[in-house]
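Grab a coffee and open the viewer. Below are some exercises to work through, each with a solution you can follow on screen.

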Amino acid sequence: MQTIYKDVLIIGAGLAGERAAAEAAGAGLSAVCLSIVPARRSHSAAAMGGMQAALGNSVMGEGDNTDVHFADTVKGSDWGCDQEVARLFADTAPIEMRRLCDWGVPWNRVVPGKSKYFKGGKQFDKEEKEEKRGLITARNFGGTAKWRTCYVSDGTGHSVLYTMDNRCAQLGVEVHDKSEAIALIQDGKTCYGAIARSLRTGELIAYVAKATMVATGGFGKIYKASTNAVICDGGVHGAVLDTGVVPLGNMEAVQFHPTGIVPTDILVTEGCRGDGGTLLDVNEERFMHIYEPDKAELASRDVVARWMTHHMRLGKGVPSPYGEHLWLDIRHLGEKHITGKLREVYEICTSFLGVDPVTQLIPVRPTQHYSMGGVRTNKDGAAYGLKGLFSAGEAACWDMHGFNRLGGNSLAETVVAGGIVGAKIVEFLKDYECNIPTAEITKTAAKQQQRIDDMISGKNGNENVYKVREAMQNALDKGAHVFRTEEGLTECVETLQDVLRRARSVGLQTDGYGASPELSAALKIEGQVKLALCVAYGALQRRESRGSHNREDYPARNDRDWLTRTLAYWKNPDDDLPTLEYEDASPSFEMPPGDRGYGKMQIISADSKEES
Amino acid sequence: MGRQLKFKIFRFNPQNPESVPRMEVFSLDETDSMTLFIALNRIREEQDGSLQFEFCCRAGICGSCAMVINGRPGLACHTKTKDLPDEITLTPLPVFELVGDLSVDTGSWFREMYNKVESWVHTDKVFDPTAIEDPMDNAIAEEIYELDRCVECGSCVAACGTARLRDDFMGATALNRLGRFVIDPRDKRTDAEYFEVIGSDEGIFGCMGLLACEDVCPKNLPLMNQLSYLRRKMGVVALKQIFKK
């Protein structure tokens, strides 16, 4: 087995991973990024909208500053975030945007003079100032008090990722693509790297490093309908959970988007509804006005997703070979509007669906979109439980998003956290030496080789990995989705425990040679089901509603009992449930818990003395 | 209901000593809005778990899933089966090293390309975290992004006559990449320095002008315009160098 030694091993080569690698390489350390796909194909590329940073250059962003950004972030999190981290994030974001500017990102810039913009279907005028000419401009995003989202046309993630990968190439950061980390090398106290499987040859390679960072993005693909790329499957989260000592934070906090298209779950913008699009059921009748008489289709993201799910549960969904869905109708907006102002929607429908939205209905359903939970770290990005292990980006629960993250904050987090955590890794390595227990490397590699051999020989059974995966996804889609109840979650947990037993007896149907995709799926399935159990069991225990976590049977946000973060451990590999512990949501409150300002909801105050 | 589709797919696993290159046939019932992404995943999950192919974003953004579809390179994720005949032939992209079946190694090829053209901003400026950004004209920013949109799918390289003939040809994608830095005011390279990189048969002078690159580009990048722009610009540099001698 080949063994590769580096100062820093980064698992994942998206924006968070590469930003941290650039920091390490810039400080003279050797860094390698492992990636399933070439770095530039990372899911960071898919973020179109932009990155929030309080630069305040645009006239609609005047008066913006890091305090306002901080407040928006904390409110958005429904007070579930770590406020020290949210502060760190808001303060650093403007510096990072300017740094990206120097590195080559072609941010859209302020153009002085009058221009028009739309809000709620109405047209308004604005006038940009001459003295701001050519500075980084911003667009409007939901949930923010000011226009704060820096952008590059409709390809912000793409453009920033390409710039970052250029920077890494310039600094000599190695990216080993087509490499999949399958286990961490650790002794219960310290992390020494990871065992990876080459997706070219199938061989195992040991990556040994003084510091290891998990930056693998979200794990949305444990759900069936997800906007995430197919690589966002939680494989490395499973490996982290497998250490038994590192907890995952707030796994029950999962964000859903109302209008993913069916079958491929690509998003169509909320602008469709903003401009007057309507949602229809199987009878091609509107229904949102029944539930939300005032706002109907224009209610907030989580509210619309909830009612859509409710309506489908009443049997009003449209059956299809890909499961039930509803219709989005924008036909009445007319061809000119659809091919002009909603061009991106028009292109998605025609390119990926073969549906012409000018004359046809668009099939949509609420779709898993973002994982607020992940590897729990402190504010330096150091994981709980293992020295030398770090995490950043969507993979981490750092935790600036709490129970709901705002648009434009996730992409900004990747570079901001990547930079901060990268610098902390450099600081950590300054006086850090470790004795590498080579026996641990051999042992971990041998254990993984044994797993592979057993799957190929069918020693543990012959369960089909794709069927097991489907059973897991169906259980989550049914019980741990937009709406959650005691009954639904209990059933979901029980089903998943059964699925876990099946996952432990997966055997390959094919030969497993080389980069075998079936073997890749089989190696991560047990970990994925454990993640699913962390989501469902965490949601079952959290008897309140906060941000994206909606308990029909506990509709109030309960600050008295649940102003906490869930920590999910998998203490023994053979357990069939995670061990849950809790910690305070924030070590200190710069902003005391209050109303979010949208989505009417009862709040049980932290000060209330009555018993539950 | 729908048609029954016949997929003729190239199979070869170089890691399996017994594997030989061949075409294999799979059948599938067509469903509404079926794309090659859906079809290939169904074939793998229901018929042959060893079938190798690449998808990542499955939304036309990342460029992973380029392959030769009925003779033409393109992205499989936004290819709808209803636009294809009953019989669909899928082969891997040529030029790139084969990983297995429909999967090729574009990552190594592109990494080498961008190291060759030094695909980063060349400047002496040191970042100052306390200073505001240097202003830039928005029109130039948008112009840079127009060329920055390449997703490195490799379709243009696979469709290129010269790239099929010589391994060292950088292809339309490299020229497009360099063009992005030529117009970027932050990059301080001179025309003579750019000429060093592309002023040869590996670069601008290798192109036979067959135009296939632009035809197959899924992002509709102006690849031929970019090439002729660089040729004109570099032509001036070449002439200057001749007269200097």
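**Exercise 1. Pairing inside a sheet of chain B**

Which residue in S5(B) does B:Phe7 stand opposite? Once you have it, work out how the strands of this sheet are ordered and paired.

*Solution.* One thing to keep in mind throughout: this is a predicted model.

Step 1. Start at B:Phe7 and look across to S5(B): the residue opposite is B:Ile88. The two strands involved, S1(B) and S5(B), run parallel and share 4 bridges.

Step 2. Now turn to S2(B). Here S1(B) pairs in the antiparallel sense, over 8 bridges. For a landmark, find B:Arg11, which faces B:Arg22 in S2(B).

Step 3. Next, go from S5 to S3. Strand S3 (residues 66-69) and strand S5 (residues 87-91) of chain B are antiparallel and joined by 2 bridges. One pair to click on is B:Val68 with its bridge partner B:Thr91.

Step 4. Put the order together: S2-S1-S5-S3-S4 in chain B, an open sheet of 5 strands with mixed pairing. At the edges sit strand S2 (22-29) and strand S4 (72-75), each pairing on one side only. On average, neighbouring strands are turned by 35 degrees against each other, direction ignored.

Step 5. Finally, add the helix. Helix H1 (residues 36-46) of chain B lies across S1, S2, S3 and S5, and runs at about 100 degrees to S2(B).

**Exercise 2. Two positive phi values**

Take B:Val95 and B:Asp101, and find out where each residue lies. Then decide for each one: buried, partly exposed or exposed?

*Solution.* Step 1. B:Val95 belongs to the loop between S5 and strand S6 (97-100) of chain B. Its phi is near 75 degrees, a positive value in a residue other than glycine.

Step 2. B:Asp101 is in the loop between S6 and strand S7 (103-105) of chain B. Phi is positive here too, at about 50 degrees, and again the residue is not a glycine.

Step 3. Check the accessibility. B:Val95 has a relative accessible area of 34%, so B:Val95 is partly exposed. B:Asp101 comes out at 3%, so B:Asp101 counts as buried.

**Exercise 3. A patch on the surface of chain B**

Find the nonpolar surface patch that includes B:Leu210, and say which residues form it.

*Solution.* Step 1. Locate B:Leu210 in the loop between helix H7 (191-198) and helix H8 (212-216) of chain B. With a relative accessible area of 55%, B:Leu210 is exposed.

Step 2. Add the partners: B:Leu165 and B:Met208 complete the patch, and the three residues together have about 350 Å² of accessible area.

Step 3. Zoom out for context. Chain B has about 10900 Å² of accessible surface, and carbon and sulfur atoms account for 51% of that. Of the 245 residues in chain B, 56% are buried.

**Exercise 4. A sheet in chain A and the loop that follows S23**

What is the strand order of the open sheet in chain A that contains S23? After that, follow the chain out of S23 to A:Ser586 and list what A:Ser586 contacts.

*Solution.* Step 1. The order is S18-S16-S11-S22-S23, with mixed pairing. Strand S18 (396-397) and strand S23 (579-584) are the edge strands.

Step 2. Look at the middle of that list. Strand S11 (residues 248-249) and strand S22 (residues 564-569) of chain A pair antiparallel over 2 bridges, and A:Leu248 sits opposite A:Ala568. Helix H15 (residues 517-541) of chain A packs on the sheet, where it touches S11, S22 and S23, and its direction makes about 60 degrees with that of S23(A).

Step 3. Leave S23 by the loop that leads to strand S24 (603-604) of chain A; A:Ser586 lies in that loop. At 4% relative accessibility, A:Ser586 is buried, because the cut-off for that class is under 20%.

Step 4. See what surrounds it. Beyond its neighbours within four places in sequence, A:Ser586 contacts A:Cys81, A:Asp82, A:Gln83 and A:Glu84. The C-alpha atoms of A:Ser586 and A:Trp79 are separated by 8.6 Å, with the two positions 507 residues apart along the chain.

How values were computed. Residues are numbered from 1 along each chain as its sequence is written. Chains are lettered from A and ligands numbered from 1 in the order in which they are written. This is a predicted model: local features need pLDDT of at least 70, side-chain atom pairs count only at pLDDT 80 or more; totals for chains, interfaces and linings use all residues. Side-chain values use heavy atoms; hydrogens and water are left out. Patches are made of residues with over 30% relative accessible area and no salt bridge: like charges are joined within 9 Å, nonpolar side chains (Val, Leu, Ile, Met, Phe, Trp, Tyr) within 5 Å. Accessible areas come from the Shrake-Rupley method with a 1.4 Å probe; for residues, only the protein chains shown count as cover. A salt bridge is a side-chain nitrogen of Lys or Arg within 4 Å of a carboxyl oxygen of Asp or Glu. Buried means under 20% relative accessible area, exposed over 50%, partly exposed in between (1.4 Å probe, protein chains only). Two strands pair if DSSP finds at least two bridges between them. Axes are lines fitted to C-alpha atoms, for helices over the stretch in contact, and angles run from 0 to 180 degrees between N-to-C directions. Contact means heavy atoms within 4.5 Å.
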